[in-house]
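Let's take a friendly walk through some charged side chains and the company they keep. Have a look at the sequence and the structure first.

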Amino acid sequence: MNLRKLILTNNACFKAGKTIIPKGIMVHSTGADNPWLKRYVGPDDGLLGKNQYNNHWNQEKPGGRQVCVHAFIGKLADGTIATYQTLPWNHRSWHAGGTADNTHIGFEICEDGLSDSTYFNKVYREAVELCVYLCKQYNLTEKDIICHSEGYKLGIASNHGDVMHWFPKHGKSMDTFRSDVKSVLASSAPVEPTVPKKYYRVQLGAFSVKANADAMLSKVKAAGFTDAFIKYSE
């Protein structure tokens with residue numbers, strides 16, 4: 001996953017400052033033939049490219065709407081695929097149009113003309129890896145992942161068809177998506193917390209003869225105490 005960050009601080013959703021405890025993930029797609037991240041994420045950070053219309057979502061109400069998501073997946077200026085985090089993951093975003101806004105992390109996959117299998121496979125894989133990352137972050141499983149259309153059927157999102165108008169064109173569904181997330185989660189090594197080492201300093205005593213002190217130093221170093229030293233004093 002090529003994960004980058006550009007928080008949409010000018011969006012009214014970010015300014016609202018509300019947070020959630022993520023209980024699930026909702027997959028969206030943009031519904032427009034425009035795979036370029038710069039359409040939604042801005043301003044240009046040197047990788048996105050310049051949005052000549054300045055209609056990205058880093059403004060109060062993009063297109064006059066109250067919309068904002070946690071991330072976008074699409075093309076950088078050089079054509080490579082990336083994920084841009086656009087809100088803190090625990091921020092309450094405006095993506096579902098229902099109660100899922102209070103419980104789910106939502107991200108958008110930038111659509112193209114829906115027929116390019118090469119582009120689809122790349123962003124599909126990027127979306128799988130993003131979900132794996134989020135599952136690990138918030139102790140979720142593949143069972144906690146739905147798309148917008150599934151959210152509507154559950155009564156927790158507005159009436160949208162994404163992503164089921166696109167995925168089946170390439171032999172995929174949300175069931176295959178969840179299965180792929182599950183497989184990657186199962187094959188991924190668990191993240192072990194880094195525990196700082198503890199050191200216990202032991203003072204062995206004082207010696208009136210330097211040779212005896214040197215002999216003791218040799219013994220403790222041989223036992224593995226690599227930071228052992230002698231402090232000479234009169």
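A residue is called buried when its relative accessible area is under 20%, exposed when that area is over 50%, and partly exposed in between. The model shown here is predicted.

**Arginine 4**

With a relative accessible area of 34%, arginine 4 falls between those two cut-offs, so the residue counts as partly exposed. Arginine 4 sits in strand E1, which covers residues 3-5. Its side chain makes a polar contact of 3.4 Å with the side chain of asparagine 2. Looking beyond the neighbours within four places in sequence, you will find arginine 4 in contact with Leu47, Leu76, Thr83, Tyr84 and Gln85. Alanine 82 is 78 residues away in sequence, yet the C-alpha atoms of arginine 4 and alanine 82 are 7.3 Å apart in space.

**Salt bridges**

How many salt bridges does the structure hold? There are 5, and the table gives some of them.

| Pair | N to O distance |
|---|---|
| lysine 15 and glutamate 60 | 2.9 Å |
| arginine 178 and glutamate 150 | 2.9 Å |
| aspartate 175 and arginine 178 | 2.9 Å |

Lysine 15 and glutamate 60 tie together distant parts of the chain, 45 residues apart: lysine 15 belongs to helix H1 (residues 12-16), while glutamate 60 is in the loop between strand E2 (24-29) and strand E3 (71-75). Glutamate 60 has a relative accessibility of 40%, so it is partly exposed.

Arginine 178 takes part in a network of salt bridges with Glu150 and Asp175. The pair of arginine 178 and glutamate 150 links helix H4 (residues 174-187) to helix H3 (residues 148-153), with their positions 28 residues apart in the chain. Aspartate 175, on the other hand, shares helix H4 with arginine 178 and lies 3 residues away, about one turn of the helix. Are these two partners buried or exposed? Arginine 178 is buried at 15% relative accessible area, whereas aspartate 175 is exposed at 55%.

**Glutamate 111**

Now turn to the loop between strand E5 (104-109) and helix H2 (117-138), where glutamate 111 is found. Glutamate 111 is buried but forms no salt bridge, and the nearest side chain of opposite charge, that of lysine 169, is 9.5 Å away. Which side chain does glutamate 111 meet in a polar contact of 2.8 Å? The partner is histidine 165. Apart from neighbours within four places in sequence, the contacts of glutamate 111 include Ser29, Asp33, Asn34, Tyr119 and Trp166.

Note on methods:
Residues numbered from 1 in each chain as written. Predicted model: local features only at pLDDT ≥ 70, side-chain atom pairs only at ≥ 80, totals over all residues. Heavy atoms only, no water. Helix = DSSP H or I, 4+ residues; strand = E, 2+ residues; numbered from the N terminus. Buried < 20%, exposed > 50% of the residue type's maximum accessible area, 1.4 Å probe, protein only. Lys, Arg positive; Asp, Glu negative; His and termini not counted. Salt bridge = Lys/Arg side-chain N within 4 Å of Asp/Glu carboxyl O. Polar contact = N/O pair within 3.5 Å; in protein donor to acceptor, adjacent residues only side chain to side chain. Contact = heavy atoms within 4.5 Å.
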